[in-house]
Amino acid sequence: MLCLNIAEMAKEKTQWKELIEALSVLQWVLTFLFLGLSCTILSIYLMFTSLWPLAALSFMWLVMDWHTPEKGGRGTMFVRKWKVWEHFRDFFPIKLKKTAELSPNKNYILGCHPHGIMSAGAFSCFSTDSCGFTELYPGVRSRLAILAGLFRIPLFREYIMCAGLYPVSKASLIHLLSKSGKGNAIVIIIGGAAESLASSPGANTVVIKQRKGFVKVALEFGADLVPVYSFGENELFKQVIFTEGSISRKLQDLFKKVMGFAPCLFVGEKFAFLPYRRPVTTVVGSPISVPKRASPTDDEVDHYHKLYMEALTKLFHEHKVSCGLAESHKLLLI
């Protein structure tokens, strides 16, 4: 039935609509891969031209404004309201599925899995208004936290702050959970770069067993934990996966350790960068009530970490068939 509905949607689209969708996704992919690097190169290049005062001012502003991303950003999110994100959503398509209420009188940490290559599901559902998060959860604000190093890049940092993105640093999380009132849903892609290296069609691998920092933060501020799974995220790109211990994998791990992100060797359906048109359903689970502890013990962290993994596993198995997977599919936690 799911496949039939998707096929019917595809038939209803005009060639013009499909082109707009493809361009919307392509600009996002190119932004993801190259905009940060381009801004860095441009800033350095301008220093050796007659326009060097612009570059100098940019670097001065970066230093003066260094801590703004960790203090709630700009307070403007006009980028997340762009019409282009609706076309982006329709390309796959991406759908946000609610399973329980989230109270606007509490704060939450949403752990999103899997990372995939580019986390299209998390971006569309939690960093844009295209999937209807605010309508599904009135009074709750989704705040997607990403690699903190990206907020050190001149110009690029302004763009991602206007998109309502935040650094996934301890200082940033503390601010969002203690100085931004209630109704904050902080979305963290728990597996990070390590999980992206395990992304491939047919795989449902989650890096979680040694990731306990988000649980400790939840306990420190009494923020409820919510498991989230994006079914179909790993189907968007094909990736060359190197075996553990191989020279290529060691080089990937070294790069990841130094730079904070993984150099995945992937390919899409068209022009190498355009992902496959595969449905992505991001399912938000039920909140796990977490008490507030000023100094949580290791046993407390382990207890709620175990509860979280059990809830994530339950969420996966309850929704996998309706989201296009076979009953035989398993979730691998590593």
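Where is I334 found? In this predicted model, I334 turns up in the segment that comes after β11 (332–333). With a relative accessible area of 44%, I334 counts as partly exposed, because that label covers values from 20% to 50%. Leaving aside residues up to four places away in sequence, I334 touches T205, V206, V207, I208 and K209. The chain also brings I334 towards E195: the two are 139 residues apart in sequence, and their C-alpha atoms are separated by 9.4 Å.

Now for the sheet. It is an open one, built from seven strands with mixed pairing, and reading across it gives the order β1-β10-β7-β2-β5-β3-β4. At the edges sit β1 (94–98) and β4 (165–167), each of which pairs on one side only. From one strand to the next, the twist averages 30°. Strands of a sheet pair through backbone hydrogen bonds, either parallel or antiparallel. Here, β2 (residues 108–113) and β5 (residues 184–189) run parallel and are joined by five bridges. One residue to look for is Y108, whose bridge partner in β5 is A185.

Helices pack against this sheet. Helix α8 (residues 170–178) touches β2, β3 (141–146), β4 and β5, and its direction makes about 155° with that of β5. Another helix, α12 (residues 298–319), lies across β1, β2, β7 (224–231) and β10 (280–284), and runs at about 35° to β7.

Helix α8 also meets a helix, α10 (residues 213–221): their axes come within 11 Å and cross at roughly 35°. The crossing of α8 past α10 is right-handed. On the α8 side, the contact involves K170, L173, I174, L177 and S178, while α10 brings V217, E220 and F221. Sorted by class, that makes five nonpolar residues, one polar and two charged.

What about the inside? In soluble globular proteins, nonpolar side chains tend to be buried together. The largest nonpolar core in this model has 51 residues, and the members touching the most others are W28, F88, F92, I94, L110, F126 and V284. Take V284 as an example: not counting residues up to four places away in sequence, its contacts are L96, K97, K98, T99, L110, F126, Y137, V226, P227 and V228. There is also a second, separate core, with 34 residues, including A145, V217, F231 and L312. V217 is a residue already met above, as part of the contact between α8 and α10.

Conventions. Residues numbered from 1 in each chain as written. Predicted model: local features only at pLDDT ≥ 70, side-chain atom pairs only at ≥ 80, totals over all residues. Heavy atoms only, no water. Pairing = 2+ DSSP bridges. Helix = DSSP H or I, 4+ residues; strand = E, 2+ residues; numbered from the N terminus. Axes fitted to C-alpha atoms, helices over the stretch in contact; angles between N-to-C directions. Contact = heavy atoms within 4.5 Å. Core = buried A, V, L, I, M, F, W, Y, C linked by side-chain atoms within 4.5 Å. Buried < 20%, exposed > 50% of the residue type's maximum accessible area, 1.4 Å probe, protein only. Left-handed = near helix turned anticlockwise from the far one by under 90°. Nonpolar A, V, L, I, M, F, W, Y, C, P; charged D, E, K, R; others polar.
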